[in-house]
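Biologist: Before turning to the bench, I should like to go through this model in a series of questions. May we begin with its interior and then proceed to the strands and the charged pairs?

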Amino acid sequence: MIDLSSDAPVVARALIGWTVLVDGIGGRIVETEAYDRDDPASHTFGGPSGRNAAMFGPPGHAYIYRSYGLHWCFNIVCREDGHGAGVLIRALEPTEGIAVMRERRGMTNDRLLCAGPGRLTQALAITQDHYGISVFAPPFALVAPSGPVDVVTGPRIGISKAIDLPWRFGERGSPYVSKPFKAATLIEPAA
């Protein structure tokens, strides 16, 4: 079982290589971003609200929000209850239920099925209905990687504040990330 009570960057790095499934459909996490209440790019920076309440809840729950009013984004809450931190799941390598994901996304390019937070939630059919649900109970499942994963880190993307924090993590060399890591730094593989 993964420890989600740690700081968001630690959890974001640790989630690389884990498999996330929703109703048996999903894949290996290959890209994440960390967000914390002291981070001006985080939804929790201004304190608790109706929208971000799940991020202030216990670790291991889903925080779902709509980005730019267009697509859902899926985060896993971390740190202790009341803190306000989470990890955005940015990209997956599809491994389970690929035919269903292709149908949901209306495409056959497997590399792009889950390459980006909006694509990922569409492929896995994640919506506001998943808000606040534990990622350790159905319809979710988290499965540990079978071995160590080489992880790179770099600045987060798609934000306008705290853009220099190296809180974006990805599997080294994965073609399934949403965007290549520029000036990425290799982190030692997990034990």
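Biologist: Which residues does Leu124 touch, not counting residues up to four places away in sequence?

Modeller: The model is a predicted one. In it, Leu124 belongs to the largest nonpolar core, where Phe74, Ile89 and Leu124 touch the most other members. With residues up to four places away in sequence left out, the contacts of Leu124 are Val20, Val22, Ile25, Gly26, Leu92, Met101, Arg104 and Cys114.

Biologist: How many residues are in the largest nonpolar core, and which elements give two or more residues to this core?

Modeller: The largest nonpolar core has 37 residues. Both helices and strands supply it with two or more residues each: α1, β1 (19–22), β2, β3 (62–67), β4, β5, α4 (117–124) and β6 (140–143).

Biologist: How many residues does the other core, apart from the largest one, have?

Modeller: This other core lies apart from the largest one. Tyr35, Ala54, Cys73 and Leu88 are among its members. Its size is eight residues.

Biologist: Is β4 largely enclosed or not, and how many of its residues are buried?

Modeller: A residue is called buried when its relative accessible area is under 20%. β4 is largely enclosed by the rest of the structure, because the buried residues among its eight number seven.

Biologist: With which strands does β4 pair, and over how many bridges?

Modeller: β3 and β4 run antiparallel and are paired over six bridges; Arg66 has Trp72 in β4 as its bridge partner. β4 and β5 are antiparallel too, and here Asn75 is matched with Leu88 in β5. The bridges joining β4 to β5 number four.

Biologist: Which residue in the hairpin of β4 and β5 takes a positive phi?

Modeller: The hairpin has six residues between the strands. A positive phi near 70° is found there at Arg79.

Biologist: With which residue does the side chain of Arg79 meet in a salt bridge, and how far apart in sequence are the parts that the pair ties together?

Modeller: The partner of Arg79 is Asp7, at 2.7 Å from N to O. Arg79 lies in the loop between β4 (71–78) and β5 (85–96), while Asp7 lies in the segment before α1 (8–14), so the salt bridge links parts whose separation in sequence is 72 residues.

Biologist: Are Arg79 and Asp7 buried, partly exposed or exposed?

Modeller: The relative accessible area of Arg79 is 17%, and the limit for a buried residue is under 20%. Asp7 has a relative accessibility of 40%. Arg79 is therefore buried, whereas Asp7 is partly exposed.

Biologist: Which parts does the salt bridge of Glu33 and Arg90 tie together?

Modeller: The side chains of Glu33 and Arg90 meet at 3.9 Å, N to O, and both residues are buried. Glu33 lies in β2 (residues 25–36) and Arg90 in β5, so the parts tied together, 57 residues apart in sequence, are strands β2 and β5.

Biologist: What is the N to O distance in the salt bridge of Asp110 and Arg102?

Modeller: Asp110 is partly exposed, with a relative accessible area of 22%. Arg102 is partly exposed as well, at 33%. Their side chains form a salt bridge with an N to O distance of 2.8 Å.

Biologist: Which residues do salt bridges that share partners join into one network?

Modeller: A search of the whole structure finds eight salt bridges. Through shared partners, one network is formed by Glu31, Glu33, Arg90 and Arg168.

Conventions:
Residues numbered from 1 in each chain as written. Predicted model: local features only at pLDDT ≥ 70, side-chain atom pairs only at ≥ 80, totals over all residues. Heavy atoms only, no water. Salt bridge = Lys/Arg side-chain N within 4 Å of Asp/Glu carboxyl O. Buried < 20%, exposed > 50% of the residue type's maximum accessible area, 1.4 Å probe, protein only. Core = buried A, V, L, I, M, F, W, Y, C linked by side-chain atoms within 4.5 Å. Contact = heavy atoms within 4.5 Å. Pairing = 2+ DSSP bridges.
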